[in-house]
Amino acid sequence: VGEGKAGLGPRSLETGIGPGSPGRLVLGGRRTQPGLSKSCRGAFQSPRPSPKSGQADGASEDSLHLDIQKLKEKRDLLDTEISQLISEGYSVDELEDHISQLHEYNDIKDVGQMLLGKLAVIRGVTTKELYAEFGLDMND
């Protein structure tokens, strides 16, 4: 179908139901199963790596104990840093308030950026030009 001396022709890309093949799709003269391609019909392969066959339970247990020890050391280091910050006069409430204010600032800034972008489109200019017009610093 559609093949000649020059190779595949436009007819080779036609789709349709071929004669003598009820329910089968014909693509370029080749019959294909309806539904998933062959590569999608294979056995399921988990994205999780399987445990190594030669690995003893003792080795994985040692690895877990090492991970636990590292996490405990990290926790102790963080506790030390927290104690140091508290001794310097910082408080958790102040920090949470500061973070809340930063989130609000970023939300307001995002709205401002959106409005500048829309205004730039309406005027047919760049947002950089609008920054200069409104006296804004490019680093803002």
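The paragraphs below go through a predicted model, from the chain as a whole to a helix, a pocket and a single residue.

The chain contains 3 helices and 5 strands. Followed along the sequence, these elements come in the order β-β-β-β-β-α-α-α, with the strands ahead of the helices. The chain has 140 residues, and 6% of them are buried. The accessible surface amounts to about 12600 Å², and carbon and sulfur atoms account for 57% of that area. Contacts can also be sorted by how far apart the partners lie in the sequence. Among the contacts in the chain with a separation of 6 or more, 4% are between residues 24 or more positions apart.

Helix α2 covers residues 92-123, which is 32 residues. Its length can be checked with a short calculation. At 1.5 Å a residue, α2 should span 46 Å, because the expected span is 1.5 Å times one less than the number of residues. The C-alpha atoms at the two ends of α2 are 46 Å apart, so the expected span and the distance in the model agree. After α2 comes G124, which has a positive phi, near 75°.

The largest pocket holds about 230 Å³ of space. Which residues line the largest pocket? The lining is made up of E81, I82, L85, I86, Y90, S91, V92, E94 and L95. By type, 6 of the lining residues are nonpolar, 1 is polar and 2 are charged. Two helices each supply at least two residues of this lining: α1, which runs over 57-87, and α2. The largest share comes from α1, with 4 residues.

One residue of α2 can be looked at on its own. Q113 sits in helix α2. Is Q113 buried, partly exposed or exposed? The relative accessible area of Q113 is 33%. Buried means under 20% and exposed means over 50%, so Q113, at 33%, counts as partly exposed. Q113 can also be placed relative to T127. These two residues are separated by 14 residues in sequence, and the distance between their C-alpha atoms is 8.7 Å.

Technical notes:
Residues numbered from 1 in each chain as written. Predicted model: local features only at pLDDT ≥ 70, side-chain atom pairs only at ≥ 80, totals over all residues. Heavy atoms only, no water. Buried < 20%, exposed > 50% of the residue type's maximum accessible area, 1.4 Å probe, protein only. Contact = heavy atoms within 4.5 Å. Areas by Shrake-Rupley, 256 points an atom, 1.4 Å probe, with all protein chains shown as cover. 1 Å grid on protein atoms, 1.4 Å probe; cavity = no way out; pocket = protein on both sides within 12 Å on 5 of 7 lines; lining within 4 Å. Points joined across faces, edges and corners; volume = space filled by probe spheres on them. Nonpolar A, V, L, I, M, F, W, Y, C, P; charged D, E, K, R; others polar.
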